[in-house]
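Here is a short briefing on one protein model. It covers two helices and two pockets.

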Amino acid sequence: MIGLGTIINSAAIILGGVMGLLFGHFLKERFQESLNMACGVSVLFIGIAGAMEGMLHIEDGTISSGQSLGVVIYLALGALVGEAINIESRFERFGEWLKRKTGNAKDKNFVNGFVTASLTVCIGAMAIVGAIQDGISGDWSILATKAILDFVIILVMTCSLGKGCMFSAIPVLLLEGVMTFLAVLIKPLMTDAALESISLIGSILIFCVGLNLVWGKKVRVANLLPSIVFAVIAALLPL
């Protein structure tokens, strides 16, 4: 069934959120703070691992690095466009709307939890590759694997950041659903180079999410999302 992977992924996020809420109620504030720190450190290293995989190469037993200039250019251009559009503010406004519509108007952490969790589970090559594979062949194995990872991530995040994390299932459903049904059109654009660029920049943005979790909001990560588009465009240009 085409689209099943998106449904499984979204359901896993909701389940993780429900489980997190159940466990979170039994945890004292200091335990929640420690969980938040543990989650932040984990996200940092997930981002670092993905970025290093894209930037470091081993040739003849020697480690070399690359993509440094590209990373700077993509992030700089992405930041300019993202700030002009102010994606972060739009994300937060949607979170505020969700907060009111779901009866959580008094939850001070709702928007932060929603934005942080959404950026963590939406950014990355697995969502794109998995959705395309599901749309083309009906193979949802990649999205099923992602669903397991997202379940654990959202469970832990919800324990520390609250129920807003659970609603990250909405952008995941929209993003992966659209890509699944547009898979035939998107697939020719997803060359190996494009996917590597998505993975690299996506990992750097995930690192920024972890940065915000550990040290407080330092980076407007949503405003850096256009960086991924610039990275893909550069990867598709004939050189």
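**Helix H3 and its surroundings**

The buried residues of H3 are covered by elements that include helix H2 (29–55), helix H4 (87–101), helix H10 (192–215) and helix H11 (226–236). Covering is judged by contact, meaning heavy atoms within 4.5 Å. Helices (H or I, at least four residues) and strands (E, at least two) are DSSP runs numbered from the N terminus.

This is a predicted model: local features need pLDDT of at least 70, side-chain atom pairs count only at pLDDT 80 or more, and totals for chains, interfaces and linings use all residues. Residues are numbered from 1 along each chain as its sequence is written, and side-chain values use heavy atoms, with hydrogens and water left out.

**Helix H3: two faces**

- Gly 70, Val 71, Tyr 74, Gly 78 and Gly 82 of H3 are buried. Buried means under 20% relative accessible area, exposed over 50%, and partly exposed in between (1.4 Å probe, protein chains only).
- These buried residues cover an arc of only 95° around the axis, so they sit on the same side of H3. The arc is taken from the directions from the helix axis to the C-beta atoms.
- An α-helix has 3.6 residues a turn, so residues three or four places apart point the same way.
- The face of H3 turned away from the buried side carries exposed residues Leu 69, Val 72, Leu 80 and Ala 84.

**Helix lengths and ends**

- H3 (residues 68–85) has 18 residues and should span 26 Å at 1.5 Å a residue; its end C-alpha atoms are 26 Å apart, which agrees. The expected span is 1.5 Å times one less than the number of residues.
- H10 has 24 residues and reaches 35 Å from its first C-alpha to its last, close to the expected 34 Å.
- Asn 86, just after H3, takes a positive phi of about 60°.
- Gly 216, just after H10, takes a positive phi of about 85°.

**Largest pocket**

- A pocket is an open set of points on a 1 Å grid over the protein atoms alone, where a 1.4 Å probe fits, with protein on both sides within 12 Å along at least five of seven lines; lining residues have an atom within 4 Å of a point.
- The largest pocket holds about 640 Å³ of space. Volume is the space filled by probe spheres set on the points, which are joined across faces, edges and corners.
- Its lining has 23 residues, with Cys 122, Leu 175, Met 179, Leu 225 and Ile 228 nearest the centre.
- H8 gives the most to this lining, with five residues.

**Second largest pocket**

- The second largest pocket holds about 510 Å³.
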